[in-house]
Amino acid sequence: MTPPPHTPAAAQGWGDELRALDVAVYAAIAATPTPGLDRVFRRVSEAANHSRLWLAGAAVLAGAGGAGGRRAAADGLASVALTSAVVNLALKPFWARRRPDRAAQRVPVARYVSMPRSTSFPSGHAASAFAFATGVATELPAAGIPLGAAATVVAYSRVHTGVHYPIDVIAGSVTGGALAPVAVSLGRRWCSGR
């Protein structure tokens with residue numbers, strides 16, 4: 001007899017199915033030949049290491065965007081800082097999901113970037129990317145579209161290069177987008193109290 005949908009057994013069944021879907025999507029991406037895109041996604045993924053891409057974006061905004069650009073850069077960087085702290089100090093240790101086995105899933109070696117030593121869930125790169133895009137868009141809404149597109153490319157690159165499962169980057173993206181308004185609010189409150 002099938003348990004009702006509200007029971008723990010049913011929830012476990014959903015979790016198993018979601019994990020199976022996650023691995024299947026990862027395997028499908030790995031199996032799809034994309035030699036022309038492999039270098040692009042590898043470079044994008046590496047450019048986002050240690051938030052270098054977002055630091056560069058903040059420098060451009062602060063240097064060329066006037067007072068609004070400086071506020072947007074500060075909002076974006078505050079969002080990255082809070083998000084990185086939450087992801088790396090709380091969420092990754094709590095979930096402790098192992099990284100994908102690229103060799104077992106036959107991810108092409110041409111896609112490889114350094115495999116991080118941290119756990120896999122959620123993706124810190126995706127979280128920082130969406131935190132920056134959302135934080136900047138608080139002050140400069142027009143910048144939200146191109147930065148959101150860039151964040152999406154960074155998030156996908158982490159699956160393409162084999163270092164994250166799709167759910168890792170989805171969770172990271174949602175986390176970054178959700179924490180950015182908190183960081184912006186805290187940052188503005190702190191600045192106004194000085």
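Let's start with Arg 19, which is partly exposed at a relative accessible area of 47%. Bear in mind that this is a predicted model. The side chain of Arg 19 forms a salt bridge with that of Asp 16, with 2.6 Å from N to O. Asp 16 is partly exposed too, at 39% relative accessibility. The two sit three residues apart in helix α1, so about one helical turn separates them.

Arg 19 also turns up in the lining of the second largest pocket, along with Gly 15, Leu 18, Asp 22, Trp 95, Arg 97, Phe 121 and Ile 167. That pocket has a volume of about 180 Å³. Helix α1, running over residues 8–31, gives the largest share of this lining, with four residues. Sorted by class, the lining comes out as four nonpolar, one polar and three charged residues. Two of the lining residues, Asp 22 and Arg 97, have a further role: together with Asp 168 they are linked in a network of salt bridges.

Now for the rest of the charge pairing. Side chains of opposite charge can pair when their charged atoms come close. Here the count comes to five salt bridges. One of them joins the side chains of Asp 38 and Arg 111, at 3.0 Å from N to O. This pair links distant parts of the chain, with Asp 38 in helix α2 (residues 35–47) and Arg 111 in the loop between α4 and α5, 73 residues apart. How buried or exposed are Asp 38 and Arg 111? Asp 38 counts as buried at 6% relative accessibility, and Arg 111 is buried as well, with a relative accessible area of 0%.

Another salt bridge brings Glu 139 and Arg 71 together through their side chains, at 3.1 Å from N to O. Glu 139 belongs to helix α5 and Arg 71 to helix α4, so this pair ties together parts that lie 68 residues apart in sequence. Arg 71 counts as partly exposed, at 43% relative accessibility.

Those helices, α4 (66–95) and α5 (124–139), lead on to the largest pocket, since each supplies at least two residues of its lining. This pocket has a volume of about 430 Å³. It is lined by 21 residues, and the closest to its centre are Asn 49, His 50, Pro 116, His 125 and Arg 158. Which helix gives the largest share of the lining? That's α4, with five residues. By class, the lining holds five nonpolar, 13 polar and three charged residues.

How values were computed
Residues numbered from 1 in each chain as written. Predicted model: local features only at pLDDT ≥ 70, side-chain atom pairs only at ≥ 80, totals over all residues. Heavy atoms only, no water. 1 Å grid on protein atoms, 1.4 Å probe; cavity = no way out; pocket = protein on both sides within 12 Å on 5 of 7 lines; lining within 4 Å. Points joined across faces, edges and corners; volume = space filled by probe spheres on them. Nonpolar A, V, L, I, M, F, W, Y, C, P; charged D, E, K, R; others polar. Salt bridge = Lys/Arg side-chain N within 4 Å of Asp/Glu carboxyl O. Buried < 20%, exposed > 50% of the residue type's maximum accessible area, 1.4 Å probe, protein only.
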